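Subject: A structure for you to look at

Hi,

Here is the structure I promised to hand over. Have a look at it first, and then read on for what turned up.

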Amino acid sequence: MSFVGKKFKLDKSENFDEYMKELGVGLVTRKMGNSLSPTVEVTLDGDTYTLTTTSTFKTSAISFKLGQEFDEETLDGRNVKSIITLDGNKLTQEQKGDKPTTIVREFNDGELITTLTIGNVKCVRVYKAV
């Protein structure tokens with residue numbers, strides 16, 4: 001869990017527009033989302049993790065306990081049920097709702113690789129430690 005307390009800033013992104021389109025995100029919001037370079041930080045207090053995503057447009061924080069379902073409002077305004085598990089250096093999030101989504105966050109030396117999957121659409125976003 002060497003990733004706890006570190007910040008990661010978006011460095012590159014592949015297929016994010018297609019991913020947002022598949023979610024039903026409108027054109028204006030997609031353009032905004034594609035122009036941002038958010039920072040992600042994971043903190044831990046006891047057994048409660050907080051995943052904070054910060055950008056010039058919006059800040060989002062979700063708090064969760066591993067393996068326990070929780071309610072989440074996504075950055076694009078959807079209300080979903082999420083469950084997050086940890087396997088080694090990977091946090092895997094399953095979002096259940098109208099459009100089920102899987103988000104895998106893999107932490108490596110100085111890097112966070114986030115793979116977002118909805119249906120047949122896959123997006124990879126690479127963050128660098130700051």
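A word on terms before we start: helices and strands here are DSSP runs, a helix having at least four residues and a strand at least two, and they are numbered from the N terminus. Please keep in mind that this is a predicted model.

Let's begin with one residue, Thr-53. Thr-53 sits in strand S3, which covers residues 48-54. Is Thr-53 buried or exposed? Its relative accessible area is 18%, and since buried means under 20%, Thr-53 counts as buried. Leaving aside residues up to four places away in sequence, Thr-53 touches Pro-38, Thr-39, Val-40, Lys-58, Thr-59, Ser-60 and Leu-75. Arg-105 is 52 residues from Thr-53 in sequence, and their C-alpha atoms are 13 Å apart in space.

Thr-53 also leads us to the largest pocket, which has a volume of about 700 Å³. Its lining is made of 33 residues, and those closest to the centre are Phe-16, Thr-53, Leu-75, Asp-76 and Leu-116. Sorted by class, the lining has 17 nonpolar, 9 polar and 7 charged residues. Elements that supply two or more lining residues include helix H2 (27-35), S3, strand S5 (70-73) and strand S8 (101-108). Which element gives the most? That is H1, with 4 residues.

H1 is worth a closer look. Phe-16, Tyr-19, Met-20 and Leu-23 are buried in this helix. Viewed down the axis of H1, the buried residues fall within an arc of 95 degrees, so they line one face of the helix. This fits a general rule: an α-helix has 3.6 residues a turn, so residues three or four places apart point the same way. Among the elements covering the buried residues of H1 are S1, H2, S8, S9 and S10. Just after H1 comes Gly-24, with a positive phi of about 95 degrees.

Finally, the nonpolar cores. The largest has 15 residues, of which Val-42, Phe-64 and Phe-107 touch the most other members. Strands S1 (7-14), S2 (39-45), S3 and S4 (59-64) each supply at least two residues of this core. Apart from it lies another core, of 10 residues, including Phe-16, Tyr-19, Met-20 and Cys-123. As for Val-42, its contacts beyond four places away in sequence include Phe-3, Tyr-49, Leu-51, Leu-91 and Phe-107.

Enjoy exploring, and do write back with any questions.

Best wishes

Technical notes. Residues are numbered from 1 along each chain as its sequence is written. This is a predicted model: local features need pLDDT of at least 70, side-chain atom pairs count only at pLDDT 80 or more; totals for chains, interfaces and linings use all residues. Side-chain values use heavy atoms; hydrogens and water are left out. Buried means under 20% relative accessible area, exposed over 50%, partly exposed in between (1.4 Å probe, protein chains only). Contact means heavy atoms within 4.5 Å. A nonpolar core is a set of buried Ala, Val, Leu, Ile, Met, Phe, Trp, Tyr and Cys residues joined through side-chain atoms within 4.5 Å. On a 1 Å grid over the protein atoms alone, a cavity is a set of points where a 1.4 Å probe fits but cannot get out, and a pocket is an open set with protein on both sides within 12 Å along at least five of seven lines; lining residues have an atom within 4 Å of a point. Grid points are joined across faces, edges and corners, and a volume is the space filled by probe spheres set on the points. Ala, Val, Leu, Ile, Met, Phe, Trp, Tyr, Cys and Pro count as nonpolar, Asp, Glu, Lys and Arg as charged, and the others, Gly among them, as polar. The arc is that of the directions from the helix axis to the C-beta atoms.
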